[in-house]
Amino acid sequence: MAEAELISRFDALLSDLDGVVYAGPHAIPGAVESLSRLAGIGVGLGYVTNNASRTPAEVAQHLRDLGAPAEDHQVVSSPQAASELLASLLPAGARVLVTGGAALAREVEFVGLVPVRTEAEDPVAVVQGFHPDLAWKDLAEAAYVVAAGALWVATNMDRSIPQARGMAPGNGTLVDAVAAATGREPLVAGKPEAPLFHAAAKRLAAERPLVVGDRLDTDILGGNNAGFATVAVLTGVDTRESILAARTAERPTYLINDLTDLYRPYPAVDADAGGQFRCGAAAAVVHGNTVQVTGDPADLDSWRAACAAWWAATPDAPTAQAPGLEWLHH
């Protein structure tokens with residue numbers, strides 16, 4: 001019997017954007033075709049983004065421009081997750097100080113809450129999301145309300161955002177400023193916290209979603225936090241080496257080269273009594289702090305075996321730790 005494709009085990013794919021679907025302005029090879037095939041096999045598709053400065057409709061339009069399937073409702077953003085979190089904790093019509101842009105204020109309105117801009121309007125909560133026009137006085141306004149004991153939700157904690165000229169301060173950096181001023185910490189809706197992933201799964205009515213991402217510290221950690229299966233893809237930030245070294249909370253369930261691998265069978269990893277882990281034609285065994293791999297470094301099965309062996313040997317890793325690697329060729 002032919003082995004089933006990896007994606008056949010799931011009823012929805014929750015996909016990160018940058019590093020998975022596109023890199024800068026261009027689609028990643030194979031991504032658009034792989035996403036377009038999902039509908040034909042009855043697998044739902046949601047896009048999960050921490051970006052708080054673009055509306056889901058703008059993100060969906062960008063995806064459609066690249067040729068990817070994307071209805072506005074398929075994009076689930078951290079402002080939406082933050083607003084849903086607020087709505088679950090506040091009565092309808094409650095006033096929320098919006099420290100962010102118009103897109104964030106709109107999401108607050110959509111869930112039946114009232115966005116306000118100053119402490120004088122008596123908000124009972126603060127929602128903070130990135131916008132390039134945020135000024136000191138906006139952060140000060142947030143600090144006054146937060147210090148007075150209001151509920152405080154941050155859309156996400158990305159400390160930097162890539163810009164054409166380099167890395168610039170992200171929402172997490174601005175949230176840190178308010179935290180430093182008030183001595184309080186916000187609830188976080190975006191990656192790597194669970195609410196964003198739960199909101200996306202709920203919207204698709206998915207019971208067995210698969211979270212795909214290129215970053216361990218946001219996508220994989222977030223999917224793991226939500227209790228979902230996760231797959232790391234090698235088209236973005238993290239590498240074979242950084243994934244092998246991952247701390248326990250950031251270890252993915254699966255490891256693939258790119259999205260086209262979703263349509264291939266995923267090889268089982270089996271361990272024998274001697275502690276050797278086999279995947280396809282590759283095998284790996286741990287000696288002290290070294291993983292001895294029998295296989296080709298260019299073959300992902302070698303890395304899948306190495307990960308299984310190293311992770312079994314270090315089940316409770318609070319921080320990333322890279323093993324030595326010794327390659328034995330067949």
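Mentor: Let's start with a term: two strands pair if DSSP finds at least two bridges between them. Keep in mind that this is a predicted model.

Trainee: Okay, which residue in strand 12 is the bridge partner of Val153?
Mentor: Start with strand 9, residues 151-154. Strand 9 and strand 12 have two bridges between them, in the parallel sense, so they meet the cut-off of at least two. In strand 12, Val153 has as its bridge partner Leu187.

Trainee: Which strands are the edge strands of that open sheet?
Mentor: The sheet has five strands with parallel pairing, in the order 7-6-8-9-12. An edge strand here pairs on one side only. That description fits strand 7 and strand 12.

Trainee: Is Leu89 buried, partly exposed or exposed?
Mentor: Leu89 lies in helix 3, and leaving aside neighbours within four places in sequence, Leu151 and Leu187 are in contact with Leu89. Its relative accessible area is 46%. Buried would need under 20% and exposed over 50%. Because 46% falls in between, Leu89 is partly exposed.

Trainee: What about helix 4, which of its residues are buried?
Mentor: Helix 4 covers residues 102-110. Its buried residues pack against helix 2, helix 3, strand 6, strand 7 and strand 8. The residues in question are Ala103, Leu104, Ala105, Glu107 and Val108.

Trainee: And which residue just after helix 4 takes a positive phi?
Mentor: Look just past the end of helix 4. The phi there is about 85 degrees, and the residue is Gly112.

Trainee: Moving on, how many residues of strand 13 are buried?
Mentor: Strand 13 runs over residues 209-213. Pro209, Val211 and Gly213 point one way and are buried. Leu210 and Val212 point the other way, and they're buried too. The count for strand 13 is five of five.

Trainee: Which strands do bridges join to strand 13?
Mentor: On one count, four bridges link strand 13 with a parallel partner at residues 12-15, where Ser15 stands opposite Val212. Another four bridges link strand 13 with a parallel partner at residues 229-233, where Leu210 stands opposite Ala229. Those partners are strand 1 and strand 14.

Trainee: Is the crossover from strand 13 to strand 14 right-handed or left-handed?
Mentor: Follow the chain out of strand 13, through helix 8 (residues 216-225), and into strand 14. That's a β-α-β crossover, and it is right-handed.

Trainee: Which helix gives the most to the largest nonpolar core?
Mentor: That core holds 55 residues, and among the members touching the most others are Leu13, Leu35 and Leu210. Leu13, for instance, has contacts away in sequence that include Leu35, Leu210 and Leu262. The top helix contributes nine residues, from 300-313, and it's helix 10.

Trainee: How many residues are in the second, separate core?
Mentor: Ala125, Ala189, Ala226 and Phe228 are among its members. This core is separate from the one we just discussed, and its count is 28 residues.

Trainee: Last one: which element supplies the largest share of the lining of the largest pocket?
Mentor: About 980 Å³ of space lies in this pocket. Its lining has 33 residues, and those nearest the centre include Asp18, Asp158 and Ser160. Strand 2, strand 10 and helix 8 each supply at least two residues of the lining. The largest share is four residues, and it comes from strand 10.

Note on methods: Residues are numbered from 1 along each chain as its sequence is written. This is a predicted model: local features need pLDDT of at least 70, side-chain atom pairs count only at pLDDT 80 or more; totals for chains, interfaces and linings use all residues. Side-chain values use heavy atoms; hydrogens and water are left out. A nonpolar core is a set of buried Ala, Val, Leu, Ile, Met, Phe, Trp, Tyr and Cys residues joined through side-chain atoms within 4.5 Å. Buried means under 20% relative accessible area, exposed over 50%, partly exposed in between (1.4 Å probe, protein chains only). Contact means heavy atoms within 4.5 Å. A crossover is right-handed if, with the strands pointing away from the viewer, the path from the first strand over the helix to the second runs clockwise. On a 1 Å grid over the protein atoms alone, a cavity is a set of points where a 1.4 Å probe fits but cannot get out, and a pocket is an open set with protein on both sides within 12 Å along at least five of seven lines; lining residues have an atom within 4 Å of a point. Grid points are joined across faces, edges and corners, and a volume is the space filled by probe spheres set on the points.
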